[in-house]
Amino acid sequence: MKIAMIGTGYVGLVSGVCFSDFGHNVVCVDKDQRKIDMLERGEVPIYEPGLEALMAKNVEAGRLAFTLDLASAIEGAEAVFIAVGTPTRRGDGHADLTYVMAAAEEIARAAKDYVVIVTKSTVPVGTNRKVREVVAAANPELEFDVASNPEFLREGAAIDDFMKPDRVVVGVESDRASKVMSEIYRPLYLRDFPIVTTDLESAEMIKYAANAFLATKITFINEIAALCEKVGADVKQVSKGMGMDNRIGNKFLHAGPGYGGSCFPKDTKALARIGQEHASPMYITEAVIAVNEDMKRRMIEKLQDLCDGSFNGKTIAVLGVTFKPNTDDMRDAPSLTIVPALVGGGAKVRVCDPQGQHEGEALLPGVQWQDDPYDAATGADLIVLLTEWNEFRALDLGKIVESMTRPAMADLRNIYNATVARDAGFVAYDSVGRAGFATSLQDLAKRMAS
């Protein structure tokens, strides 16, 4: 089949590359000359493990191409996917559909033969019907169908998620569109991966409901973690005990500094807005949004306590600033709340992240970037573990302690524990939902004397 993919952002590029690996002929379209030039040189504008090699393989096989020319891309295409951005609209929290509707109109004006126009972007319920109206108005003679095909890709594991999905959701209204979508996903049908076929509205709602529920699990365990600190429980043990219940499951029950990224913040806000517009308030989702913001502020208070109440004049090393490991994505990352608070409080902040500097330099002004975590920690008063990159999971803590001015650690991903930190020589340690410690001046003097 010939497929056109409109948009070469995270979703569009990963989807286009993977569809080409299914054996389809895919043309990816973008308006950004710089991105198309990069892609034609074989360079990937985002960081996603395995994507560059898979892209090169399919370009070489002649199944994958990139262009600025939408008309040539959709000529002869049986399906055109819209995978453009739907950022949160400023002021009201709703998803901004400007790019989606503009793409739909361009497709309508360029298309000549029957085509299925597939929305891959995350869009509010009812959007696909609006896409149908826009296309019909722009080209009344065009024969077409619309389909909803939301993505469920985890950054850092997107290729595996596409090739081995938990499920594929397809919203259609005609047998003809259903047959086209079935043919597109035929390689997954043959391997018995679940394909859920629904109406348009249900497909749109599945995406929002799934993301809001996962964000709720994260936020719930973070609230439990805060209570654990008050009552002396260990959130890691609590999470383990909860997750062994098959009705709950153990995924997304890891306490931390709050969720971020390209999906959860945007989609929870959009779902809350959809509920408001339809007089069906999403009280739980609205609470999740508020609590998540509170969690980020709570992390700042933890760091302040470890700095004797003030960041002023302190040197702080921050390990990890992307919203999760194995991505360069900084969108709504907890670091964008936490690091500016450190800088604004008068701290000298050093940042180390394997992939975060490219985006982070513009988003985190006033910090010093380091390539090596040990260099970042040298002379520091506090080291903060903010993103759980594998590079930070097996640090030589003794070496770090020796290099620090005052060895204190804020382990906001619960990678280590108080016993390990104390044995390594840290004078203070705090994590999320577990016991920490702060060595008193008297104990510190005894340790120094011995």
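Select G126 in this predicted model. With a relative accessibility of 18%, G126 counts as buried, because the cut-off for that class is under 20%. G126 sits in the loop that runs between strand β5 (115–119) and helix α6 (127–138). Keep G126 selected and add E229: 103 residues separate the two in sequence, and their C-alpha atoms are 44 Å apart in space.

**The nonpolar cores**

Next, select F19, F81, M181, I184 and Y185. These are the residues with the most contacts inside the largest nonpolar core, which has 42 residues. Colour helix α1, residues 10–21, as well: α1 gives the most to this core, with 7 residues. Now centre the view on Y185 and display its surroundings. Leaving out residues up to four places away in sequence, Y185 touches F19, F22, K120, N149, F162, V168 and I195. Another core lies apart from this one; it has 35 residues, and V235, I300, V339 and L364 are among them.

**Helix α10 against helix α12**

Two packed helices are described by the angle between their axes and the distance between the axes. Show helix α10 (residues 200–231) together with helix α12 (residues 264–277); their axes come within 9 Å and cross at roughly 115°. The crossing of α10 and α12 is left-handed. To see the contact itself, select M205, K207, Y208, N211, A212, L214, A215 and I218 on α10, then F264, D267, T268, A270, L271 and I274 on α12. By residue class, the contact of α10 with α12 comprises 10 nonpolar, 2 polar and 2 charged residues.

Stay on helix α10 and pick E223. What is the exposure class of E223? E223 is partly exposed, its relative accessible area being 42%. Beyond its neighbours within four places in sequence, E223 is in contact with V291 and M295. For a view across the model, draw the C-alpha to C-alpha line from E223 to A53: it spans 41 Å, between residues 170 places apart in sequence.

**Helix α12 against helix α13**

Keep α12 in view and add helix α13 (residues 283–306). The axes of α12 and α13 come within 9 Å and cross at roughly 145°. This crossing, of α12 and α13, is left-handed. Which residues make the contact of α12 with α13? On α12 they are T268, K269, L271, A272 and Q276, and on α13 they are T285, E286 and I289. The residues of the contact of α12 with α13 fall into 3 nonpolar, 3 polar and 2 charged.

**A residue in helix α11**

Move to helix α11, residues 235–243, and select S239. S239 is buried, since its relative accessible area is 11% and the class requires a value under 20%. Not counting residues up to four places away in sequence, S239 touches I221 and L253.

**Two residues with positive phi**

Select D192 in the loop between α9 (186–190) and β8 (195–198). The phi angle of D192 is near 65°, a positive value in a residue other than glycine. At 68% relative accessibility, D192 counts as exposed, because that class begins over 50%.

Then go to N414, in the loop between β13 (408–411) and α18 (418–424). N414 also has a positive phi although it is not glycine, with a value near 55°. Is N414 buried or exposed? N414 is buried, with a relative accessible area of 5%.

**The annotated C-terminal span**

Finally, colour residues 317–418. An unreviewed UniProt entry annotates this span as "domain: UDP-glucose/GDP-mannose dehydrogenase C-terminal". The end C-alpha atoms of residues 317–418 are 19 Å apart, and the span is 29% helix and 18% strand.

For the last stop, select V343 in helix α14 (residues 335–344). V343 counts as partly exposed, because its relative accessibility of 25% is neither under 20% nor over 50%. Setting aside residues up to four places away in sequence, V343 touches V349, P365, G366 and V367. One of these, G366, is 23 residues from V343 in sequence, with 6.8 Å between their C-alpha atoms.

Technical notes
Residues are numbered from 1 along each chain as its sequence is written. This is a predicted model: local features need pLDDT of at least 70, side-chain atom pairs count only at pLDDT 80 or more; totals for chains, interfaces and linings use all residues. Side-chain values use heavy atoms; hydrogens and water are left out. A nonpolar core is a set of buried Ala, Val, Leu, Ile, Met, Phe, Trp, Tyr and Cys residues joined through side-chain atoms within 4.5 Å. Buried means under 20% relative accessible area, exposed over 50%, partly exposed in between (1.4 Å probe, protein chains only). Helices (H or I, at least four residues) and strands (E, at least two) are DSSP runs, numbered from the N terminus. Contact means heavy atoms within 4.5 Å. Axes are lines fitted to C-alpha atoms, for helices over the stretch in contact, and angles run from 0 to 180 degrees between N-to-C directions. A crossing is left-handed if the near helix is turned anticlockwise from the far one by less than a right angle, and right-handed if clockwise. Ala, Val, Leu, Ile, Met, Phe, Trp, Tyr, Cys and Pro count as nonpolar, Asp, Glu, Lys and Arg as charged, and the others, Gly among them, as polar. UniProt positions are given in the numbering used here, feature names are shortened, and annotations may be inferred rather than shown by experiment.
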